[in-house]
Amino acid sequence: MSFKSSKIAIVGVGNVGATTAYTIINQGLCEEIVLIDVNKEKAVGEALDMQHSIFFMNRNINVHAGDYDECKDADIVIITASVPMDPNATNRLDMLSGSKRVMKSIISSIMGSGFNGILLVISNPVDVMTYYAWKLSGLPKNQVIGSGTTLDTARLAVEISNLFDLDSKSISAYVMGEHGDSEFVSWNTATIGGKRLIDIMNDNTERVNEESFDNLKEQTIKAGWEIFHRKGSTTYGIAASAAAIVKSILFNENKILPVSVYLEGEYGLDGVYLSAPTIINNTGAKEIVEINLAEDEKKAMDASNDIVKSFYEALND
């Protein structure tokens, strides 16, 4: 892999897939992007539209529609395809049955090409689907990553930054566990400018008014649903978070991001994909960072483990 010759394939060119491709193009992250979709004409149309936009970009990128055989020499394959979200769904795990069928077909086609790069799974329910993709692909665990709570962490940072009128990038805090209702925030390690957020909240009771950690967490969890119920899907945030993961891989940044990774003893858990701060570089998930969780946070991590694992049996049906 090199910056000059890097290639990305994106499977699923709906709102999320197309926006992810455009975000990667806009940032000039690779040399080639292949768009793959069951609706080939849609992929061709999106590719043509993006080709025209490159005239105004800082880097020429070869973007075109293609087939699974082009995954063979891809550095990264991003999977965004899934069944349409049911407006009446109560959580992302409601999508499991349909998404399982789609994922099985996709992984079979990708691996049939001879692919040996890094899989980045965005399809929901992402923790379960990433585990399924790993099992089906036979790839090493470091080469199969889920987008996890990367976007949730950004949403949390925005909520906190609004509270204190700060740049959201000045917030250091992680959402962890399941990308879903059981996700939690490690308040024990959250800081702003090196000062613990817990202390900041206690020292600024008048400034934060009635705001609480529970409220911040609830707003973070509900943010995606607030967007979904208003516009039908979330696109820009997830595309930008995927691009951040891609950039850390292709540029070998060794950036720490809260992605969904396979735990084997970390946080006392084993055999499950959940989000935890992870060093991301050109090998994929280089190393899982074990931060110090408070007792209630460890219980929350265990609860996410139980929920996600409870769906693994259904993958064998």
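Start by selecting asparagine 254, which sits in the loop between helix 9 and strand 12 (helices, H or I of at least four residues, and strands, E of at least two, are DSSP runs numbered from the N terminus). Before going on, note that this is a predicted model, where local features need pLDDT of at least 70 and side-chain atom pairs count only at pLDDT 80 or more, while totals for chains, interfaces and linings use all residues. Residues are numbered from 1 along each chain as its sequence is written, and side-chain values use heavy atoms, with hydrogens and water left out.

Back to the loop. Asparagine 254 is not a glycine, yet its phi is positive, at about 55 degrees. It counts as partly exposed, at 32% relative accessibility (buried is under 20% relative accessible area, exposed over 50%, partly exposed in between, with a 1.4 Å probe and protein chains only). Now click on asparagine 252, found in the loop between helix 9 and strand 12 (255-264). Asparagine 252 has a positive phi too, near 50 degrees, and is partly exposed at 34% relative accessibility.

Next, go to serine 5, in the segment before strand 1. Serine 5 is partly exposed, at 45% relative accessibility. Leaving aside residues up to four places away in sequence, serine 5 touches Glu31 and Asp75 (contact means heavy atoms within 4.5 Å). Show alanine 74 as well: it is 69 residues from serine 5 along the chain, and their C-alpha atoms are separated by 9.7 Å.

Now for helix 1, residues 15-27. Its 13 residues should span 18 Å at 1.5 Å a residue, and the end C-alpha atoms are indeed 18 Å apart (the expected span is 1.5 Å times one less than the number of residues). Colour its buried residues: Val16, Gly17, Ala18, Thr19, Thr20, Ala21, Thr23, Ile24 and Ile25. What covers them includes strand 1 (7-11), strand 2 (32-36), helix 2 (40-53), strand 3 (62-65), strand 4 (76-79) and helix 9 (236-250). Just after helix 1 comes glycine 28, with a positive phi near 60 degrees.

Pick out the cysteines next. How many disulfides are there? The count comes to zero, a disulfide being a pair of cysteine sulfur atoms within 2.5 Å. For cysteine 30, the nearest cysteine sulfur is that of cysteine 71, 14 Å away. Cysteine 30 is buried, at 0% relative accessibility, and cysteine 71 is buried with a relative accessible area of 0%.

Move on to proline 125, in the loop between strand 5 (118-121) and helix 4. The peptide bond leading into it from asparagine 124 is cis, with omega near -5 degrees.

From there, bring up helix 3 (residues 96-112) with helix 4 (residues 126-137): they pack at about 35 degrees, axes 10 Å apart (axes are lines fitted to C-alpha atoms, for helices over the stretch in contact, and angles run from 0 to 180 degrees between N-to-C directions). To see the contact, show Leu96, Ser99, Lys100, Met103, Lys104, Ile107 and Met111 of helix 3 against Val128, Met129, Tyr132, Ala133, Leu136 and Ser137 of helix 4.

Last stop: helix 5 (residues 150-164) and helix 8 (residues 213-231), packed at an angle of about 120 degrees with axes 9 Å apart. Helix 5 brings Asp152, Arg155, Leu156, Glu159 and Ile160 to the contact, and helix 8 brings Leu216, Gln219, Thr220, Ala223, Gly224 and Ile227.
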